[in-house]
Amino acid sequence: QVQLVESGGGLVQAGGSLRLSCAASGVIVRTNTMAWYRQAPGSQRELVALITRGSSTNYTDSVKGRFTISRDIGKNTVYLQMNSLKPEDTAVYYCNVLAAGPTGWTNYWGQGTQVTVSS
């Protein structure tokens, strides 16, 4: 079984920074794409950023230039550095990892971490 444990959320003032971490643990043969999603109240879950195993990255337009996704393949961990935070970044952030475990390739989700940006 593979588990994702997120950390780093919290309350921050507009213009501040936070760094989210998501560590995958369990029987992991290999990880592929890792990503961060977010869901604000009353909104659908949206992709924020993703990073491939080859470290290619993609960001939603609203966070380009402010957020940076990175990964440590050896630690099966993905990070999201969030700078110049805005109130509209307030949401529950979820990590998502495509990993090969005991039963093959599976898309795993973290439990979510709350990010609140005050104006």
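## Burial and overall dimensions

In this predicted model, buried residues make up 40% of the 119 residues in the chain. The accessible surface amounts to about 6000 Å², and carbon and sulfur atoms contribute 47% of that area. Among contacts with a separation of 6 or more, 54% are between residues 24 or more positions apart.

The radius of gyration of the chain is 14 Å, which agrees with the value near 14 Å that a compact globule of 119 residues would have. Along the principal axes, the C-alpha atoms occupy a box of roughly 45 × 25 × 25 Å.

## Secondary structure

The chain holds 11 strands and 0 helices. Read from the N terminus, the order of elements is therefore β-β-β-β-β-β-β-β-β-β-β, with no other element type in the run. Strands of a sheet pair through backbone hydrogen bonds, in a parallel or an antiparallel sense.

## The four-stranded sheet

One open sheet consists of 4 strands in the order β1-β3-β8-β7, and the pairing is antiparallel. Its edges are β1, residues 2-7, and β7, residues 67-72, each of which pairs on one side only. Neighbouring strands in this sheet are turned against each other by 15° on average, direction ignored.

At the β1 edge, 6 bridges connect β1 to β3, residues 18-26, with the two strands running antiparallel. Two of the bridge partners in β3 can be named: A24 is the partner of L4, and C22 is the partner of E6. Both L4 and E6 lie on the covered face of β1, together with V2. The uncovered face of β1 carries Q3, V5 and S7.

## Strand β9 and its partners

Strand β9 covers residues 91-101, and 9 of its 11 residues are buried, so the strand is largely enclosed by the rest of the structure. β9 has bridges to β4, β10 and β11, taken in turn below.

With β4, β9 pairs in the antiparallel sense over 8 bridges. One of the bridge pairs in this pairing places R38 against Y93 of β9. With β10, residues 104-109, β9 shares 6 bridges, again in an antiparallel arrangement. These two strands form a hairpin with 2 residues between them, and G101 stands opposite G104 in β10. With β11, residues 113-118, β9 is joined by 3 bridges, and these strands also run antiparallel. In that pairing, V115 of β11 is the bridge partner of A91.

## R38, a buried arginine in β4

R38 belongs to strand β4, residues 30-39. Its relative accessible area is 6%, and because buried means under 20%, R38 counts as buried.

The side chain of R38 makes a polar contact of 3.0 Å with the side chain of Y93. Y93 is also the bridge partner of R38 in β9. A polar contact of 3.3 Å links the R38 side chain to that of S62. Beyond its neighbours within four places in sequence, R38 is in contact with Q44, R45, E46, V48, S62, V63, F67, D89, A91, V92 and Y93.

## R66, a buried arginine in a loop

R66 lies in the loop between β6, residues 57-59, and β7. Its relative accessibility is 10%, so R66 is buried by the same cut-off of under 20%.

From this loop, the side chain of R66 reaches the backbone oxygen of S84 at a distance of 2.9 Å. S84 is also one of the contacts of R66 when neighbours within four places in sequence are set aside. The others in that list are Q81, M82, N83, L85, K86 and D89. D89 appears among the contacts of R38 and among those of R66.

Technical notes:
Residues are numbered from 1 along each chain as its sequence is written. This is a predicted model: local features need pLDDT of at least 70, side-chain atom pairs count only at pLDDT 80 or more; totals for chains, interfaces and linings use all residues. Side-chain values use heavy atoms; hydrogens and water are left out. Two strands pair if DSSP finds at least two bridges between them. Axes are lines fitted to C-alpha atoms, for helices over the stretch in contact, and angles run from 0 to 180 degrees between N-to-C directions. Buried means under 20% relative accessible area, exposed over 50%, partly exposed in between (1.4 Å probe, protein chains only). A polar contact is a pair of N or O atoms within 3.5 Å; within protein, one must be able to donate a hydrogen and the other to accept it, and residues adjacent in sequence count only if both atoms are side-chain atoms. Contact means heavy atoms within 4.5 Å. The radius of gyration is taken over C-alpha atoms; the globule rule is 2.2 Å times the number of residues to the power 0.38. Accessible areas come from the Shrake-Rupley method with a 1.4 Å probe; for residues, only the protein chains shown count as cover.
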